[in-house]
Structure formats: C-alpha cells, structure tokens
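Student: Before we discuss anything, could you put the sequence and the model in front of us?
Tutor: Here they are.

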Number of protein chains: 2
Amino acid sequence: MSHTVEILSVGTELLLGNVANTDAQILSQGLSELGLNVFWHTVVGDNPQRAREAVSIAKGRADVIITTGGLGPTCDDLTKNVLAEAFGKKLVFDEPSAQRVRDWFQRTGRPMTDNNLQQAMLPEGCTVLVNDWGTAPGCAFEAEGVHVIMLPGPPSECRPMFHHRAKPYLLSLSEGVIASHTVKLFGIGESSMEAQLREQMNAMTNPTLAPYAKEGECELRVTAKAASDEEAQALLQPTVEQVKGLFGDKVYGVDVPSLEYVVIQGLKEKGLTLGCAESCTGGLMAKRLTDIPGASAVFKGGIVSYTNEVKQNVLQVPEELLEQHGAVSGQVAAAMAQGARRALGCDIALSSTGVAGPDRDDRGNEVGVMFVAIATQSGVHVRPLRLGTRPMRERLRIQTASHAFDLARRYLSGLAFEG
Amino acid sequence: MSHTVEILSVGTELLLGNVANTDAQILSQGLSELGLNVFWHTVVGDNPQRAREAVSIAKGRADVIITTGGLGPTCDDLTKNVLAEAFGKKLVFDEPSAQRVRDWFQRTGRPMTDNNLQQAMLPEGCTVLVNDWGTAPGCAFEAEGVHVIMLPGPPSECRPMFHHRAKPYLLSLSEGVIASHTVKLFGIGESSMEAQLREQMNAMTNPTLAPYAKEGECELRVTAKAASDEEAQALLQPTVEQVKGLFGDKVYGVDVPSLEYVVIQGLKEKGLTLGCAESCTGGLMAKRLTDIPGASAVFKGGIVSYTNEVKQNVLQVPEELLEQHGAVSGQVAAAMAQGARRALGCDIALSSTGVAGPDRDDRGNEVGVMFVAIATQSGVHVRPLRLGTRPMRERLRIQTASHAFDLARRYLSGLAFEG
C-alpha cells in the first residue's frame with residue numbers, strides 16, 4: 001500500500017521568513033526515496049489554535065503526519081500537546097527521557113531550569129525517538145489509522161533524527177526495502193542528459209531514474225524496491241552500469257558527495273599533494289577543498305592573486321605575459337598553475353582566471369570568459385570556458401572552480417583532460 | 001486593519017524535496033516588513049484536486065492568498081484555473097499579455113509553441129502583473145472579501161515580481177507607508193542583545209524592534225508605520241540612534257549587507273589595500289571578500305597556508321615559532337599576518353589559524369580554538385577565540401572569518417580592537 005504524507009512544520013520563524021523550510025525539503029527527499037508520497041507541506045506559527053486546526057486538516061487527508069519544530073521548553077512543547085490532544089492521548093512522564101535531558105545539561109556544563117523536564121512528558125504508548133543531538137526527544141505513535149512522527153525543528157537535530165530515528169520506523173511500515181545509488185556527472189547539461197535518457201526513464205518502473213541538476217553539475221538517482229537489500233542491489237546494478245557506460249568519463253563517481261571530495265580521495269590514493277592559484281574564483285577553490293575534513297593531508301594551500309602584482313611577485317607570472325595577453329588568458333592561467341606548483345611545493349596545481357562580473361574587464365573580455373589550468377610533473381593543460389553572461393557572479397565562480405576540479409579528477413584517474 | 005496571509009505554493013518539485021521553498025521565505029520577509037501577518041504556508045503538488053482543496057481551506061481562513069508556481073504551460077496553468085474556479089471567475093483572453101509572450105519568444109530567439117498563449121488567459125477583471133523576468137504573467141483580484149495574488153514559481157521570477165508588482169498592490173491595501181532600518185551588530189550574542197532590549201521591545205508598538213541572529217552575527221530591524229515616508233523616518237531615527245548608543249562599537253553598520261562589505265567600503269574610503277593569510281578558514285576569508293563586486297580595487301589577494309611548509313616558504317613564518325608554539329597559536333597568527341602584508345604588499349593583512357575540526361590538532365588543541373590577527377603599519381594585534389566544540393566545521397570557519405573582518409573594520413573606523 002502507498003502511504004500519503006503531510007509534513008507539518010511549527011515555527012513562527014518560518015512565517016517571518018527568518019529561515020527557509022529546509023527541514024521539509026530534507027524530509028521530502030528522504031521520504032520520496034522510501035517510496036512514500038509527500039502530498040502536503042504545511043507551516044503554522046507557535047500558536048495553539050492554528051496548530052490545532054492544521055492538525056485536524058492533516059488528520060483528515062494524510063495517513064502519515066510528520067511534524068518538525070514546536071518541541072522543547074521555548075514553545076511550551078506546543079506540537080506534542082496539540083498532537084496528543086488531537087488523537088485523545090495523555091502525556092505521561094518518561095523517566096529515561098528525563099534522565100537524558102539531565103545528562104545533556106550536565107555534559108554541556110549548563111544549568112538546567114525545571115521547565116526542561118517538560119520534555120520528558122510524552123504521549124502514552126509512543127515510541128520514543130531518542131535525541132542524541134539536542135534535548136527534546138522525538139516520538140512516534142499510530143492512532144486512528146494515522147502514523148504520527150514528531151521531530152525537533154533545528155536542522156542540526158531534525159536531519160539526524162530523521163535519518164537515524166524516523167527512517168527505521170517508516171521502513172517498518174513499508175513492505176520490503178528501498179535502495180538507491182546516485183551517479184554524479186560533470187561536463188554535461190541537464191537537458192542533454194535527459195534527452196539521452198528520456199525513453200529509458202519513461203519505460204522504467206523498477207528501478208526508476210530521477211535526474212537532478214545543480215550549479216553546472218548533474219546527478220541521476222537510481223532507486224529500486226525489492227523484498228530484500230540483496231534483491232534491490234541486484235536490480236540497481238545493471239542500471240548503474242548502463243548509465244556509467246552511456247555517459248563514460250563524464251561520470252565522476254557513484255554515491256560520492258562532491259567533485260572536490262573525489263579530488264581529495266584521488267590525491268590520498270595516489271599519495272600526491274595539491275595547491276591552487278586563484279584569480280576569478282578568489283579563494284572559493286581553496287574553501288571548497290578545505291570544507292572537507294582531513295583535506296590537510298593532501299592540500300598544501302593556495303594563493304589568491306587578485307592583482308597582477310601578486311601574480312608576478314608571489315606566483316612569478318612573467319610581466320610580459322600579463323602585458324601581452326592580459327590577466328584573463330590561457331597563457332596566464334598556465335603560468336599561474338606552474339607558479340603555484342613551485343611556490344607551494346605541490347605535485348599538482350590548479351588555477352583560475354576570468355571575468356566573474358558584473359562588468360567586462362579592461363581588455364573587453366565578456367563576463368563569463370574564464371580559463372582554468374592544471375600543472376603537473378608532465379606539463380600544463382588549459383581549459384578555456386565560455387560560461388555566458390547570464391549566470392550571476394556567484395554561480396560563475398562555482399562553475400569555474402568545478403571545472404578546475406574536473407581537470408584534477410581526470411588527471412588522477414588517468415583520463416583525457418577533455419572527454 | 002490587520003490582514004492575515006496564506007502563501008500557497010504549487011509545485012511537485014517542492015514535495016519531492018528537489019528544492020527548498022525559498023519563495024515562501026522571501027515573500028514572508030517582505031510581507032512581515034509590510035506589517036501583514038503570514039499565518040500559513042501550504043505546499044501542494046501539480047494536482048488539480050489537491051490544489052482545489054488547498055484553495056478552499058485558504059479561502060476559509062486567510063483574507064490574502066498569495067500563490068507561487070503552477071503558472072505557465074508546463075503545468076497547464078493549474079493555479080490560475082483553480083483560483084478562478086474557486087472564486088467563480090471566468091478566464092478571459094488578454095491581448096496585451098499575449099503580445100508580451102510573443103515578444104518574449106522573439107527576443108530570446110526561441111520558437112513559441114501555441115500552448116504558450118494559454119498564459120494570456122486571465123481571471124476576468126483582474127489586475128495583470130506584468131512579468132518582465134519570464135513569460136507567465138501574474139495577476140491579482142479581490143473577490144468575496146479575499147485578495148488573491150498569483151506569482152510565478154521560479155525564484156528568479158518570483159522575487160522581482162513580488163518586489164515590483166505585488167508589493168505596490170499590497171501597499172495600496174494598507175493605509176500609509178511602512179519603512180525600516182536594519183542595525184547590524186558583531187561581537188554580541190543574540191540572548192544578551194535580547195536581554196538588553198527586552199523591556200523596550202515589549203513596550204514599543206511603533207516603531208517595532210525585531211532581533212535576528214545568524215552565524216555569530218546579530219541584527220535588529222526597526223520598522224515604523226506612518227502616513228508618509230517622512231513621518232516614518234522621523235519615528236525611526238530616534239530608535240536607531242538609541243540602539244546605536246546602547247550597543248556602541250558593536251554596531252558595524254545600518255542597512256549594510258555584511259561585515260566584509262563594510263571592510264571593503266572602509267578600505268576604499270581610506271585608500272588602503274587588504275590581503276590575508278588563512279589556515280583554518282582555508283580560503284573562506286578571500287572568498288567572502290571577493291564575493292563583493294569591485295573588491296579587486298582594494299583586495300590584493302590571499303595565501304591559504306594549510307601546511308607549515310607553506311607558512312614558512314610563502315609567509316616566512318619562522319620555523320622556531322612553529323616548533324615552539326605550534327601552528328595554532330597567537331604567535332603564529334601574528335607572524336602569518338605580518339608575512340602576508342610583506343608577501344602581498346598590502347597595507348593591512350588579516351590572518352587565521354585554529355582547529356576547525358572534526359578532531360583536535362596534534363598538540364591537543366580543542367576544536368574551536370582559533371586565533372585571528374591583523375597586521376598594519378602600526379603593528380600587529382591578535383584576538384584569541386574559544387568558539388566551543390559544538391558548532392560544526394562550517395560554522396566555526398564562518399565565525400572565525402567574521403572575527404578577522406571585525407578587526408579590520410575596527411582598525412578602519414579608528415576603534416579599539418577589543419570593544
């Protein structure tokens with residue numbers, strides 16, 4: 001049977017627009033992967049009357065209600081009170097939950113006010129969802145044919161609570177298992193990827209193929225349902241291989257978090273070090289590489305050369321090159337990468353130079369004209385980019401950094417630089 | 001009179017979690033600033049039956065319904081059809097809108113299929129909201145005591161359509177004008193800011209004070225309603241001055257976008273140049289500075305020294321210092337800033353070193369132990385930070401970079417480094 005889900009978020013901060021409802025997004029992704037149909041998102045503020053009305057509507061149309069927020073002392077445990085009342089349940093004191101609240105305050109060295117123990121009052125007969133990421137426990141129960149799951153609102157608690165607590169509970173509702181793999185691609189547009197796959201996508205029912213596009217990258221999620229994980233994997237594997245065959249070296253990984261992660265892993269495997277010289281990306285390449293915990297094992301550092309002076313003095317880019325070709329040129333990109341390799345003493349160096357906008361440069365280069373380069377022991381390779389004048393500055397910088405990472409992962413995998 | 005608003009978003013992509021509902025966030029912010037109460041967000045998919053039911057609920061509880069998405073040919077103009085039907089209105093052909101659709105396709109050089117002209121079918125008697133950012137026009141009407149405003153879904157269309165089309169329409173609903181100023185603070189916690197303001201905030205009705213916190217920064221929005229902008233400004237000014245007086249040099253600006261923006265502006269005013277040397281922030285400082293268009297006029301560049309080797313070779317940090325105090329120390333932070341000032345040839349240099357996690361460093365420094373420094377012609381100043389082990393790696397890096405920017409804006413404003 002197919003369940004229909006409503007996600008009910010409680011929080012005035014959402015209605016004021018202080019934050020976007022990313023909880024609902026993350027939950028929706030996870031629920032779709034479980035094969036559950038999310039049909040409604042609702043947001044109400046910390047207001048008992050409107051929360052009550054929203055629950056009454058949800059109860060009438062969904063058979064799974066997942067709430068986020070409105071737990072904990074700052075809102076008088078609004079969500080728990082309203083949901084318990086709606087399903088005619090009493091709140092009862094749960095000593096293990098109380099102990100975990102006390103322990104949490106002791107561990108973090110903060111004084112605990114008494115109202116915190118309210119959080120240990122939970123609907124009678126519920127499954128307690130232990131919160132290892134904050135103080136307010138979640139809970140789940142079934143009543144009147146509806147499954148109710150309550151999760152805390154802060155994303156740093158909601159996400160792990162969903163993955164480690166709610167998901168196992170929801171999996172027990174669905175027969176069999178759902179498994180998926182994500183194939184990540186770089187260097188192909190979404191529409192061209194979809195065009196190549198359209199017939200297959202429409203013909204497939206199990207596994208299914210879902211394409212996503214983001215900041216110049218694409219991914220394909222392959223999802224299968226089966227009685228066991230083994231069977232699901234057996235269904236998935238041929239499709240994953242087929243997709244990999246179809247898109248060849250545009251596939252940079254399966255179930256990997258990002259292009260820069262693949263670069264860092266490749267460096268670790270090969271025992272090589274990386275550095276970068278950035279002009280138009282202005283530190284974004286280094287920032288993305290060092291977002292990855294443990295990058296320091298292979299990433300030596302970077303030089304952001306935002307002026308010709310720094311290009312000359314720190315990267316030893318020859319003045320003649322800058323005068324003859326301008327800072328935005330393949331020649332300068334190559335010299336920057338080679339200079340970074342020398343200055344930083346790394347095996348591989350990446351570079352970027354270009355016009356991120358909003359205006360053309362003083363040589364008349366259009367916004368979106370970019371060059372990335374890679375220098376290795378075997379020489380230097382430049383990739384010229386024409387990213388167009390329409391994307392915003394931030395997007396241009398992200399795409400440019402990704403192209404530099406693509407050069408590195410191709411080198412580390414022994415692939416041709418231009419596929 | 002006070003209006004109550006429901007934002008109804010139509011789009012299966014939201015229910016699948018492909019994107020977060022940022023339209024609802026942006027609209028909520030704008031509506032709150034207009035003094036309208038947003039009480040509900042609802043999301044439904046591209047499904048006529050569920051959209052109809054959601055409209056019927058919204059009609060029963062809100063007196064302003066703003067829809068996003070579900071306009072245009074890919075969804076058969078679902079939203080327009082459902083809303084017109086719910087309020088007993090016919091859709092009629094609007095030739096000016098049809099002409100704009102034709103013009104849009106001609107301008108972008110794309111072939112127009114006939115279904116695009118469906119977009120010119122609009123509820124009889126509505127106010128057409130001309131879409132200069134895409135093809136689907138928005139519209140607004142009042143019926144049965146409810147104001148209905150329909151906006152396109154893509155954020156790149158929804159945002160300008162809200163600001164340039166919906167806002168003027170909504171302003172005509174409210175008497176007088178609403179104006180606001182935002183006071184930005186750094187170096188004070190949200191709870192301490194609120195504690196200092198609580199009595200005032202509760203006592204105030206016009207203007208009102210609303211605090212927000214974000215990544216270690218705080219802001220206070222002061223909003224006033226009056227018959228004219230002059231009167232509103234006259235109401236706002238004393239409160240803005242009062243807040244500035246109360247928080248002194250923790251206020252870094254009024255109506256400014258960010259700390260780094262204030263730094264770039266200060267450098268331009270003083271005719272000084274900036275550079276940075278980053279360890280734990282790994283390029284984030286340079287990235288944030290170069291996010292600002294025109295930063296190149298004053299930002300010379302940066303060095304990401306992720307290894308001791310780069311600290312020694314590029315920044316000339318003495319080996320003895322690294323051995324004696326370790327890379328995570330005030331001494332090394334100072335030497336990095338001085339080294340960056342020399343290597344980059346800039347007037348002011350900022351530096352960062354610390355443990356961003358997830359693990360302690362090899363000298364046993366806890367996650368969250370950070371040092372930022374500033375080097376100028378008059379010497380060097382180090383600020384030690386203990387940011388705690390709880391924030392995530394990304395947040396620690398953001399806060400550390402902000403502390404370095406705080407040193408720069410204090411120097412540029414002639415303030416003491418530690419307020």
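Student: By what turn and what shift along the axis can chain A be laid on chain B?
Tutor: This is a predicted model, in which local features need pLDDT of at least 70 and side-chain atom pairs count only at pLDDT 80 or more, while totals for chains, interfaces and linings use all residues. Residues are numbered from 1 along each chain as its sequence is written, and chains are lettered from A and ligands numbered from 1 in the order in which they are written. A turn of 179° and a shift of 0.9 Å along the axis lay chain A on chain B with an RMSD of 1.0 Å, the superposition being by least squares on the C-alpha atoms of residues with pLDDT of at least 70 in both. The two copies are therefore related as by a two-fold rotation axis.

Student: Why do the copies meet through the same surface?
Tutor: Of the interface residues of chain A, 98% are also interface residues in chain B, so the same surface is used. In total, 55 residues of chain A are in contact (C-beta atoms, placed from the backbone, within 7 Å) with 55 residues of chain B.

Student: What makes strand β2 of chain A and strand β2 of chain B a pair?
Tutor: Strands (DSSP runs of E, at least two residues, numbered from the N terminus) pair if DSSP finds at least two bridges between them. Here 5 bridges join the two β2 strands, residues 37–44 in each chain, which run antiparallel, so they meet that definition. Among the partners, His41(A) is bridged to Val43(B).

How values were computed: Two residues are in contact if their C-beta atoms, placed from the backbone, lie within 7 Å. Helices (H or I, at least four residues) and strands (E, at least two) are DSSP runs, numbered from the N terminus.
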